[in-house]
Amino acid sequence: MPARPPRLIRHISKAFFPHLILVFFSFAATAQTPVTKALGFNPDTSINGLFLYKNGNRGNTSDAQEPNGPSLQEAELQFFSDVDPYSKLTALFSVHQESGEWKFEPEEFFAETLSVPGVILKAGKFKAAFGKHNLLHTHAYAFIDAPITNTVLLGDEGLNDVGVSAASLIPVSWFSEVTFQILSGRAEGQDYFNSKSPNDNVAIAHFKNLWDLTDDLTAEIGASGVAGKNEFTVNNQLQSGKTIFTGLDLTFKWRPSVGGKYRALIWSTEYIGRQIERPGATKNDGHGIATWLQYQFSERWWAQARGEYLKVTDSDSVDPLPIAPHQRKYSALVGFFPSEFSGFRLQYHYLDDGRATPEQRLMLQGNFTIGAHPAHAY
Amino acid sequence: MSTLSPYLTRSLLVLALVCAGLGPAQAKLNVVATTPDIGAILQAVGGDDMSLEVIAKGTQDAHTIEAKPSYMVKISKADLVVLNGLALEVGWLPSLLQGGRNPKVNPGSKGYLDLGASAEPIETPAGSVSRASGDVHPEGNPHFTLDPIRVGKAAIVVADRLGELDSVHKAAFTERAKVFQKDLEARTPKWQERIHASGIKKVVGYHKTLNYFFSRFGLEPVAYMEPKPGIPPTIAHILEVIDVIKRNNVKLILQENIFESKYADRLHAEVPSVKVAVVGAAVGSKPELKTNADVYEQLVKVIESAQ
């Protein structure tokens, strides 16, 4: 196996972890005071904590992959600041549990330009410009969990890798952005790009358009394509094939300019297709679609619903669990947001994934943010 | 070839001079204002000598504008971005500026003008700031455009910057700004007299939007419907406000029209002697409020009618 990209911190011991958190919390608290304003060269700092309680019919056994009960779904520590007049640095670390062990990992760590007209150049580790959901951090998900099309076809961490990026606006009257990225193709959990050759990078193209249909209504259409190499063995011979992802997304967003604090409606649909070319071996193709509605019916309350369909042609080690050819999932959510920095969401889902008993699960999530958190993407 | 060279040289020289003459002098500045109040100041100062785009509408809460990508397109074409500042736009402007990919309007450049920096803000918190106090702005109350005197001064700041970027129209910008400022300075004492004559001294608001207006004209906000800035009203807090209204004999509630009026209606139902006025607190918040002075005039009329 080729050496993986260097990682800043891995597998911090349980004894060290609480101290680390205390240090970060102290730093964030200080960042709010005028003292720090005088020391204005400190980076902006924010911490987000997601606390989750789960109860489902598959979480009662001792070997359950996602056991019932309370957990820290994830904590995100984010730092960002202008480096100088020319560039900006963003670092985002994720704290979460995997198989009972705490992990502290760089989710994103990148530098990007501020002074190049018409284009944003970026280098580092970042979420790839693929589709709509893949770009979101966990606390900004439309639902408590990610769509199954993303988790099954792209992996739990999604497309997130070390690479370079260029995003440019096309000079038309509406928002039209084209992004090209080259990624290393060797990120953890992305075994669909398992070529061992250091020259086999992953190429991404993303095209996003957004129109103001009225002052209150926007339509957004995105198209994405990803291509990379995989390796597989047939008759003890190492062979190479292509892995291709395609993505399409469509979002309508309505927020009236009169009374918009109290009403909004969002309808999003995202399609993802995966083709893993392995002549003579398991193909592991798949495609799926997720569509969801989000309705804000008062200043603090949202009601949401989501339907998902996923089809995979084969299953092998690329996916973590045996997967039925067809999966359907239905979710409903009610959210209450006391302020823009905190929220509570109650979600129910029904998952028919081909097992004898479909999964039914209820989840309650608390979402808390402190510090100078940047605006989420529209 | 040698005989053509002088003609070619002259022709190129003439062409260059024509281009130099036509370019900067005829191109209008593209200016983006973050809020309609700032846009109205710019319109008064820049007139037809610039092209103006305004991001937020008067019917929207300027704290919580969504960073629509279409706004990035406006910023990508801008020569100047003028913002209210004092952290009013902190939740959305940084991402628009980055998405606009236009170094001309980055913070610190000539194309970036923060009017809050020279606004002499009120209600600057002393000591440490915490979100336990609600949506407190560390640099002070950002709604300075509700004060006609501060807005007049802002017009002069705007004219200076427009003049730096477009020297051809510098004199026109300065002249318009002076006229604008003088008009507001002349009308302010008259508004003050009318408010004084109304006998209204204590009022209740929803958010701290109108505090610069209150401060300028000697009105005292004795309570707000928000328990803390940016935090929606609660029944328990509204009961406290009812008590404050009764104890202070408050006659007028000024409710900004971007907020739901159900809490103000509840107050009126509990204390029928108090009048509820749903007012526009920004240019464009009502169709008839087209200038900054229109907003002040509307507020003064409402206060007069409550006596």
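Biologist: What does A:Phe51 count as at 43% relative accessibility?
Modeller: This is a predicted model, in which local features need pLDDT of at least 70, side-chain atom pairs count only at pLDDT 80 or more, and totals for chains, interfaces and linings use all residues, while side-chain values use heavy atoms, without hydrogens and water. Residues are numbered from 1 along each chain as its sequence is written, and chains are lettered from A and ligands numbered from 1 in the order in which they are written. Buried means under 20% relative accessible area, exposed over 50% and partly exposed in between, with a 1.4 Å probe and protein chains only. At 43%, A:Phe51 therefore counts as partly exposed.

Biologist: Which kind of pair do the rings of A:Phe79 and A:Phe93 form?
Modeller: Rings of Phe, Tyr and Trp (its six-membered ring) pair if their centres lie within 6.5 Å, and planes under 30 degrees apart count as stacked, over 60 as edge-to-face and the rest as tilted. The centres of A:Phe79 and A:Phe93 are 6.3 Å apart and their planes stand at 65 degrees, so the pair is edge-to-face.

Biologist: Is A:Phe93 buried or exposed?
Modeller: Its partner A:Phe79, at 12% relative accessibility, counts as buried. A:Phe93 has a relative accessible area of 9%, so this residue is also buried.

Biologist: How many residues apart in sequence are the parts tied together by A:Phe51 and A:Phe368?
Modeller: Strands (E, at least two residues) and helices (H or I, at least four) are DSSP runs, numbered from the N terminus. A:Phe51 lies in β1 (residues 44-56) of chain A and A:Phe368 in β16 (residues 359-371) of chain A, so the sequence separation of the parts that this pair joins is 317 residues.

Biologist: Why are α6(B) and α10(B) described as roughly parallel?
Modeller: Axes are lines fitted to C-alpha atoms, for helices over the stretch in contact, with angles from 0 to 180 degrees between N-to-C directions. Angles under 35 degrees count as roughly parallel, over 145 as roughly antiparallel, 65 to 115 as roughly perpendicular and the rest as oblique. The axes of α6 (residues 170-198) and α10 (residues 292-305) of chain B come within 9 Å and cross at roughly 10 degrees; the two helices are therefore roughly parallel to each other.

Biologist: Which strands of chain B stand at the edges of the open sheet?
Modeller: Two strands pair if DSSP finds at least two bridges between them, and the open sheet of 4 strands in chain B runs β6-β5-β7-β8 with parallel pairing. A single partner strand, so that one side is left without a neighbour in the sheet, is what marks each of β6 (220-224) and β8 (275-279).
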